[in-house]
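Reader: Could you take a close look at the charged side-chain contacts in this model, and then set them beside the aromatic ones?

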Amino acid sequence: MLRTLVLVAAGTMLAAAQDADDIRQQQANDASTSAGKALFQQNCGFCHGPDGRGASGPDLIRSMLVSHDVNGDLIGQVVRNGRPQKGMPAFPFSDVQIHQIADFLHAEAKIAATVAGRHPTDYPLEKLLVGNAAAGDRKSTRLNSSHITI
């Protein structure tokens, strides 16, 4: 009994230490992401939207470049060189600033992936039907199975 209590206490302390490290890392990431969001919105948001999901410029959240980027290695090249043929100017950001913008874009991409992966399970099937069954419209009585994921 005493041995079990000691093991439980030791496990709890180890978990607390890991949680504290995780919390500190998350806080550092949050600070970098917040700084990146401010930089992005001020310098890039006019074309790419305040959240990177596109405006007159492309959606960066679903961009292959952003999804393959690691710590700003690909994003940095585009930001520093610009894409003059597409109307994007170059920006002279520091390595830290590039990393912050990358953190922001990666955080937004993670949120988008989480939201896109969810689908409602309690959505009534009737709301998916189109047409008028009473009038004999066959579209209202059939659903294409490729449009529904259950």
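Author: A salt bridge, as the term is used here, is a side-chain nitrogen of Lys or Arg within 4 Å of a carboxyl oxygen of Asp or Glu. The model is a predicted one, and by this rule it holds four salt bridges.

One of them joins the side chains of Asp-95 and Arg-80, which meet at 2.6 Å, N to O. This pair links distant parts of the chain, since Asp-95 belongs to helix H5 and Arg-80 to helix H4 (residues 73–81), 15 residues apart. Asp-95 has a relative accessibility of 59% and therefore counts as exposed, whereas Arg-80, with a relative accessible area of 33%, is partly exposed.

Salt bridges that share partners also join Asp-51, Arg-53 and Glu-108 into one network. Within this network, the closest N and O atoms of Arg-53 and Glu-108 are 2.7 Å apart. Arg-53 lies in the loop between helix H2 (45–48) and helix H3 (64–68), while Glu-108 lies in helix H5, so this salt bridge ties together parts that are 55 residues apart in sequence. As for their surroundings, Arg-53 is partly exposed, its relative accessible area being 28%, but Glu-108 counts as buried because its relative accessibility is 15%, and buried means under 20%.

Asp-59 and Arg-62 form another salt bridge, in which the closest N and O atoms are 4.0 Å apart. Here Asp-59 is partly exposed, with a relative accessible area of 27%, and Arg-62, at 54% relative accessibility, counts as exposed.

Turning to the aromatic side chains, a search of the whole structure finds two aromatic pairs. Phe-40 and Phe-104 form a tilted pair, with 5.3 Å from centre to centre and 45 degrees between the planes. This pair, too, links distant parts of the chain, with Phe-40 in helix H1 (residues 2–43) and Phe-104 in helix H5 (residues 95–117), 64 residues apart. Both Phe-40 and Phe-104 are buried. Phe-91 and Phe-93 make up a stacked pair, whose ring centres are 5.5 Å apart and whose planes differ by 5 degrees; Phe-91 is buried, as is Phe-93.

Read together along helix H5, these contacts give a connected picture: Asp-95 of this helix pairs with Arg-80 of helix H4, Phe-104 of helix H5 pairs with Phe-40 of helix H1, and Glu-108 of helix H5 pairs with Arg-53 of the loop between helix H2 and helix H3.

Note on methods. Residues are numbered from 1 along each chain as its sequence is written. This is a predicted model: local features need pLDDT of at least 70, side-chain atom pairs count only at pLDDT 80 or more; totals for chains, interfaces and linings use all residues. Side-chain values use heavy atoms; hydrogens and water are left out. Rings of Phe, Tyr and Trp (its six-membered ring) pair if their centres lie within 6.5 Å; planes under 30 degrees apart count as stacked, over 60 as edge-to-face and the rest as tilted. Helices (H or I, at least four residues) and strands (E, at least two) are DSSP runs, numbered from the N terminus. Buried means under 20% relative accessible area, exposed over 50%, partly exposed in between (1.4 Å probe, protein chains only).
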